[in-house]
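Hi there,

Here is the structure I promised to pass on. My notes follow below it, whenever you have a moment.

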Amino acid sequence: PPGMVCDEANNTSYRQRMLPRVLRRMDLTLTTPFIRTALESRGITAHYREVGFPMLMPNPVIPTDQDISMPKDKINLLFTGWLCSDIRSPKYFLELARHLDERFRIVFMGKECELLRERFDFDTKAEVVTLPNQPYQVALNAMAGADILINIGNSVPVHMPSKTLEYINARKPMVNFHKLPDCPTLHYTRRYPLCLNICEDGEPDLQTVS
């Protein structure tokens with residue numbers, strides 16, 4: 001859990017005691033560079049080895065009966081994944097979406113996405129589709145059909161949405177909304193030429209949105 005790594009304030013005393021003990025008993029701990037840095041900043045040393053993500057492979061498009069329509073007469077924006085709104089709030093993106101018009105279609109697809117309208121009060125002229133969790137192949141097909149992929153970063157400094165790499169793998173334009181100036185997503189998205197990184201640190205300048 002994130003609190004065990006970087007959020008001592010919300011951690012239990014038992015976890016604070018046991019995490020260092022467990023790690024120091026291990027012969028080797030495989031972890032990401034982000035988690036290793038967070039642990040070492042707390043003085044938790046162990047035998048760490050940093051690991052990255054596996055080599056990217058093509059996303060196969062295999063049509064299914066559940067595929068989501070991406071109309072050719074619309075600019076299709078897609079968010080797919082777990083909309084865990086306590087750490088991955090879409091509020092900033094929704095503020096910008098208020099200024100989109102009928103040319104746009106926004107698809108939210110994944111766990112908790114069907115609750116979007118219940119949790120957030122927003123209005124837009126764009127068509128908005130909210131769908132619950134879908135089969136993985138349906139998600140891959142949606143990425144292939146979308147015009148722009150929307151990534152919403154976490155507020156947890158050691159966690160990166162796993163779909164970040166799948167988005168890059170789809171080779172589509174991508175907008176990465178990140179909540180932290182040193183968000184782990186930037187380690188990858190800054191090297192992806194089709195990505196626009198937008199930091200949510202502060203209110204969006206809505207006057208610049210057209």
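Helices (H or I, at least four residues) and strands (E, at least two) are DSSP runs, numbered from the N terminus. Just after helix 3, G43 takes a positive phi of about 80°. This is a predicted model, in which local features need pLDDT of at least 70, side-chain atom pairs count only at pLDDT 80 or more, and totals for chains, interfaces and linings use all residues. Residues are numbered from 1 along each chain as its sequence is written, and side-chain values use heavy atoms, with hydrogens and water left out.

Overall, the protein has eight helices and eight strands. Of its 210 residues, 44% count as buried (under 20% relative accessible area, against over 50% for exposed and partly exposed in between; 1.4 Å probe, protein chains only).

Back to helix 3, which spans residues 33-41: F34, I35, A38 and L39 are its buried residues. Seen down the helix axis, these fall within an arc of 130°, so they line one face of helix 3 (the arc is taken from the directions from the axis to the C-beta atoms). T37 and S41 are exposed and sit on the face turned away from that buried side.

The other spot to look at is N76, in strand 3 (residues 75-80). N76 is buried, with a relative accessible area of 1%. Leaving aside residues up to four places away in sequence, N76 touches M70, P71, R105, A146, D147 and I148 (contact means heavy atoms within 4.5 Å). The N76 side chain also reaches the backbone oxygen of K74 at 3.3 Å.

Best wishes

Technical notes
Polar contact = N/O pair within 3.5 Å; in protein donor to acceptor, adjacent residues only side chain to side chain.
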